[in-house]
Amino acid sequence: MGREGSGATLHHVMVAIPGGVFTMGTQEPEIQQDGEGPARRVHINSFYMDQYEVSNQDFERFVSSTGYITEAEKFGDSFVFEGMLSEAVKADIHQAVAAAPWWLPVKGASWKHPEGPDSSISSRMDHPVLHVSWNDAVAFCTWAGKRLPTEAEWEYSCRGGLENRLFPWGNKLQPKGQHYANIWQGEFPTNNTAEDGYKGTAPVSAFPPNGYGLYNMVGNAWEWTSDWWAVHHSPQDLHNPKGPSSGTDRVKKGGSYMCHKSYCYRYRCAARSQNTPDSSASNLGFRCAADTPGPH
Ligand SMILES: [Ca+2]
Ligand SMILES: [Ca+2]
């Protein structure tokens, strides 16, 4: 574990997750409308999980070998957090999301240009890839001989062998004053003090791993899962659940560097949120799972 998977082989690193039974969701939901409850006992077969979020370097390898074009590139824009934009880019934008005015649609924003055309990933190759839609994430995982994790597999992985804890490492946000995840310190959305060391994304190998050796399950970038979104959970679906058979949105887990307890207390294992499968944004990425490790 640790940093041995640096450089071109980062995406090789998967962890064998032992099968078992765990408590999925919570009886004490912090965000009721997200369907965090009820707590239910769920059986999970053994599988493999990427140790890290998929990085820019990983995604570049995929694009250079396949010529893949992401949905954000096809649409010509993607959502970027206002606090990360240059004045020049901001001056050009006249619409925002009414309920979340800090999200701006930026022309030319994509995985290669996370804050628009005047930005680049060259100093962030080991950071999580952003601006990838659910469809893009599926394309990457398929190419790598892998697949997206189900929500249940993701949450089981997040918990790292601990039962009924808020975070992958326990119930205390900062044991011994140490930062365990890349989230937001300060006042959202106006003042990001970056006490954890990162105003935006961090390298995918930053911060201590959880009990399964997985990094940044909460915080850094949100992560897509394979499930359709619903807030009511079937009491029958307790063995390797795959979620509803249809829907309009896909489940994302873990929160991001933009999450603060005051408005987005979603950097908890039981927390969940959703986006349409063609959505992309400057805080949303993914990691892959597999029944056996992928060939790449
Ligand atoms: Ca941070
Ligand atoms: Ca994450």
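## A walk through the pockets, core and calcium site

Start with strand β5, which gives the most to the lining of the largest pocket, with three residues. Bear in mind as you click around that this is a predicted model.

**Stop 1: the largest pocket.** Select 77-81 for β5 and 273-275 for β11; each of these strands supplies at least two residues of the pocket lining. The pocket has a volume of about 590 Å³. To find the middle, pick A100, W103, K252, N275 and A281, the closest to its centre of the 25 residues that line it. What sort of residues make up the lining of the largest pocket: nonpolar, polar or charged? Colour them by type and you get 14 nonpolar, seven polar and four charged.

**Stop 2: the largest cavity.** Now go looking for closed spaces. The structure holds three cavities of 30 Å³ or more, and the largest has a volume of about 80 Å³. Select P168, W169, Y180, A181, P208, P209, N210, L214, N216, M217 and V218 to see its lining. Those residues split into nine nonpolar and two polar, with no charged ones.

**Stop 3: the largest nonpolar core.** Next, show I17, M49, F59, F140 and F286 as sticks; of the 55 residues in this core, they touch the most other members. Then bring up the elements that give two or more residues to the core: strands β1 (14-17), β2 (20-24), β3 (40-44), β4 (47-50) and β9 (222-228), plus helices α1 (56-66), α4 (134-143) and α5 (151-159). Which of them gives the most? That's α4, with five residues.

Zoom in on I17. Leaving aside neighbours within four places in sequence, I17 is in contact with S46, F47, M49, Y156, S157, Y212 and L214. You've already met L214, in the lining of the largest cavity.

Apart from this core lies another one, of seven residues; V80, L85, V106 and A109 are among them.

**Stop 4: the calcium ion.** Finish by selecting ligand 1, the calcium ion, and show N182, I183, D196 and Y198 around it. N182 donates through OD1, I183 and Y198 through O, and D196 appears twice through OD, with these donors lying 2.3 to 2.5 Å from the ion. Along the chain, the donors follow the spacing N-I-x12-D-x1-Y.

Before you leave, compare two of these residues: is D196 buried or exposed? Its relative accessibility is 7%, so D196 counts as buried, the cut-off being under 20%. Y198 has a relative accessible area of 25%, so it is partly exposed.

How values were computed:
Residues numbered from 1 in each chain as written. Chains lettered and ligands numbered in written order. Predicted model: local features only at pLDDT ≥ 70, side-chain atom pairs only at ≥ 80, totals over all residues. Heavy atoms only, no water. 1 Å grid on protein atoms, 1.4 Å probe; cavity = no way out; pocket = protein on both sides within 12 Å on 5 of 7 lines; lining within 4 Å. Points joined across faces, edges and corners; volume = space filled by probe spheres on them. Nonpolar A, V, L, I, M, F, W, Y, C, P; charged D, E, K, R; others polar. Helix = DSSP H or I, 4+ residues; strand = E, 2+ residues; numbered from the N terminus. Core = buried A, V, L, I, M, F, W, Y, C linked by side-chain atoms within 4.5 Å. Buried < 20%, exposed > 50% of the residue type's maximum accessible area, 1.4 Å probe, protein only. Contact = heavy atoms within 4.5 Å. Donors = N, O, S within 2.8 Å, 3.2 Å for Na, K, Ca; no water.
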